[in-house]
Amino acid sequence: WLGWLYGTPAMVALGEVARFAPLMVGVFAAFLAQVPKDCEEAIWLDGGGGGATFNHFILPASRRDLGFLWAMGFVLCMGELATAILVAPPGMQTLAVRLFTIEANAPQAHTASLALILAASCLVPLGLLLILLKKESIQ
C-alpha cells in the first residue's frame, strides 16, 4: 500500500529517519533525564496534564537540546551515503551522493574544492543555529 512512496524523494527522508531515529530518541531521552522532576510534579499538582507539562515546561527547558539534536541529525543525514544510494529513486541524487560521485571521478585538484563545498553545506546551517542559540541565551 506504500508503493507510491518509493518513486518520490520522500523515500530518502524515510530511509534517513529509519536509520537515525533510534539514535536521536536515545539522545533526546538522555536530555529529558536532566529535566528536574520536581518542576514536572509541580505542574501535575497544579492541574496540568502530560501534554501541558511537555508543551509548557519540558520543550522550553530543552530548547537548546533540541537545537543540538537537530544539528546532530542534520550532519548525520548530510554525510550519509549508504541509505541515500540504497533507497533513492532512479534519477535522483542527494547532494552528498552527487559530490561523492564527482569526487571519485574528478582530478585531485577539484576533489578538495568539492569536499569544501560539502563541509560548508554542513557548517553554514550549524553556524546559523549557533547564532540563533546565542541570541536566545542573551535575551
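Which residues does Val97 touch, not counting residues up to four places away in sequence? In the predicted model before us, the answer is Leu81, Ala84 and Ile85.

Let me place that residue in its wider setting. Val97 belongs to the largest nonpolar core, which has seven residues. The other members are Leu5, Met11, Val12, Ala84, Val87 and Ala88. Two elements, helix 1 and helix 5, each give two or more residues to this core; helix 5 covers residues 82-87. Ala84 therefore appears twice in this account, as a contact of Val97 and, since a core is a set of buried residues joined through side-chain atoms, as a fellow member of the core.

Apart from this core lies another, made of six residues. Among them are Met24, Val27, Phe28 and Leu69.

I turn now to helix 3, residues 50-61. Its buried residues are Thr53, Phe57 and Ile58. Seen down the helix axis, they fall within an arc of 85°, so they line one face of helix 3. What covers these buried residues includes helix 1, residues 10-33, and helix 2, residues 37-45. Helix 1 thus deserves attention on two counts: it contributes to the largest nonpolar core, and it is part of the cover over the buried residues of helix 3.

Next, the surface. Trp1, Leu2 and Trp4 form a nonpolar patch there, and together they have about 490 Å² of accessible area. Leu2 is found in the segment before helix 1. Is Leu2 buried, partly exposed or exposed? With a relative accessible area of 39%, Leu2 is partly exposed, because that class lies between the 20% limit for buried and the 50% limit for exposed.

Ile102, in helix 6, residues 95-105, is also partly exposed, at 30% relative accessibility. How far apart in space are Ile102 and Leu114, C-alpha to C-alpha? The distance is 8.1 Å, with the two residues 12 apart in sequence.

Finally, consider Ala109, which has its place in helix 7, residues 108-138. Ala109 is exposed, with a relative accessible area of 65%. Ala109 and Val87 are 22 residues apart in sequence, and their C-alpha atoms are 31 Å apart in space. Val87, as noted earlier, is a member of the largest nonpolar core.

Technical notes:
Residues are numbered from 1 along each chain as its sequence is written. This is a predicted model: local features need pLDDT of at least 70, side-chain atom pairs count only at pLDDT 80 or more; totals for chains, interfaces and linings use all residues. Side-chain values use heavy atoms; hydrogens and water are left out. Buried means under 20% relative accessible area, exposed over 50%, partly exposed in between (1.4 Å probe, protein chains only). Helices (H or I, at least four residues) and strands (E, at least two) are DSSP runs, numbered from the N terminus. The arc is that of the directions from the helix axis to the C-beta atoms. Contact means heavy atoms within 4.5 Å. Patches are made of residues with over 30% relative accessible area and no salt bridge: like charges are joined within 9 Å, nonpolar side chains (Val, Leu, Ile, Met, Phe, Trp, Tyr) within 5 Å. Accessible areas come from the Shrake-Rupley method with a 1.4 Å probe; for residues, only the protein chains shown count as cover. A salt bridge is a side-chain nitrogen of Lys or Arg within 4 Å of a carboxyl oxygen of Asp or Glu. A nonpolar core is a set of buried Ala, Val, Leu, Ile, Met, Phe, Trp, Tyr and Cys residues joined through side-chain atoms within 4.5 Å.
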